[in-house]
Amino acid sequence: MDRLTKEAITMKMSDLIADFIGEMLSAGGGVAEVQRKSLADRFSCVPSQINYVIETRFTPEHGYLVESQRGGGGYIRIVRLMDNKQRMLLEAARGIGGRLSQNDAARLTRALVSAELLSQREGQLLLSACADGALAEVSKEHRDRLRAAIFRCAVMGIATV
């Protein structure tokens, strides 16, 4: 098989994979979670082919956010960004570091509500979920890490609804 034929097959495979992921996004309301290996098995290709499709077709420039969790139960989550509000919320979520104090969570929530990226109700619910009282069962040394994870997940959840 010559190089040109291999490239044509690769392009067709890439189109098939991209179309399949697109269908998953539509069925999932703009969010798709895939496991690289199972998707590679489904299309009888190497996992790097899945990476290629995701890295070239599902980029922020094309209106997508991609997150990955490595490891045995790892996944790749692809989120279709639909508007500026969504994009700004996802950027805010990505900007949250590994730790978030209760005061910083309150400050960030007020800023998101003020910018009308969150409703008052969403802001209140987020603050309640991230309050020290809600995290009282967790040791103080781990609260800020857990709070950051909860805050990030909640904001991403709001952005993708």
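In this predicted model, three strands form an open sheet in the order S1-S3-S2, and their pairing is antiparallel. S1 and S2 (64-69) are the edge strands, each pairing on one side only. Direction ignored, neighbouring strands of the sheet are turned against each other by 15 degrees on average.

The two pairings can be followed bridge by bridge. S1 (residues 31-34) is joined to S3 (residues 75-80) by 4 bridges, and the two strands run antiparallel. S2 and S3 also run antiparallel, with 6 bridges between them. Ile78 in S3 appears in both pairings: Ile78 is the bridge partner of Ala32, and Ile78 is also the bridge partner of Val66.

Strand S1 has side chains that alternate between two faces. Ala32 and Val34 point to one face and are buried, whereas Val31 and Glu33 point to the other face and are not buried. Ala32, the residue bridged to Ile78, therefore belongs to the buried face of the strand, since a residue counts as buried at under 20% relative accessible area.

Next come the aromatic side chains. A pair of aromatic rings is described by the distance of the centres and the angle of the planes. Searching the whole structure gives 2 aromatic pairs. One of them is formed by Phe20 and Phe43, whose ring centres are 5.5 Å apart and whose planes stand at 75 degrees, an edge-to-face arrangement. Phe20 belongs to helix H1 (residues 3-27) and Phe43 to helix H2 (residues 36-43), so this pair ties together parts that lie 23 residues apart in sequence. Both Phe20 and Phe43 are buried. Phe58 and Tyr64 also pair: their ring centres are 4.9 Å apart and the planes are at 70 degrees, so this pair is edge-to-face. The cut-off for that class is an angle over 60 degrees between the planes. Phe58 and Tyr64 are both buried.

An exposed position is found at Gly95, which lies in helix H4 (residues 84-95). Gly95 has a relative accessible area of 62% and counts as exposed, because the cut-off for that class is over 50%. Between the C-alpha atoms of Gly95 and Pro60 there are 15 Å, and the two residues are 35 residues apart along the chain.

The remaining part of the description concerns helix packing. Helix H7 (residues 140-159) packs with helix H6 (residues 120-130): their axes come within 9 Å and cross at roughly 155 degrees. At that angle H6 is roughly antiparallel to H7, because the class begins over 145 degrees. The crossing of these two helices is right-handed. On the H6 side, the contact involves Glu122, Leu126, Ala129 and Cys130, which meet Arg147, Ile150, Phe151, Ala154, Val155 and Ile158 of H7.

H7 also packs with helix H5 (residues 102-114), here at an angle of about 15 degrees and with the axes 10 Å apart. H5 and H7 are therefore roughly parallel to each other. H5 passes H7 in a right-handed crossing. Gln102, Ala105, Leu108, Thr109 and Leu112 of H5 meet Asp144, Arg147, Phe151 and Val155 of H7. Arg147, Phe151 and Val155 of H7 thus appear in the contacts with H6 as well as in those with H5.

Definitions and conventions: Residues are numbered from 1 along each chain as its sequence is written. This is a predicted model: local features need pLDDT of at least 70, side-chain atom pairs count only at pLDDT 80 or more; totals for chains, interfaces and linings use all residues. Side-chain values use heavy atoms; hydrogens and water are left out. Rings of Phe, Tyr and Trp (its six-membered ring) pair if their centres lie within 6.5 Å; planes under 30 degrees apart count as stacked, over 60 as edge-to-face and the rest as tilted. Buried means under 20% relative accessible area, exposed over 50%, partly exposed in between (1.4 Å probe, protein chains only). Two strands pair if DSSP finds at least two bridges between them. Axes are lines fitted to C-alpha atoms, for helices over the stretch in contact, and angles run from 0 to 180 degrees between N-to-C directions. Angles under 35 degrees count as roughly parallel, over 145 as roughly antiparallel, 65 to 115 as roughly perpendicular and the rest as oblique. A crossing is left-handed if the near helix is turned anticlockwise from the far one by less than a right angle, and right-handed if clockwise. Contact means heavy atoms within 4.5 Å.
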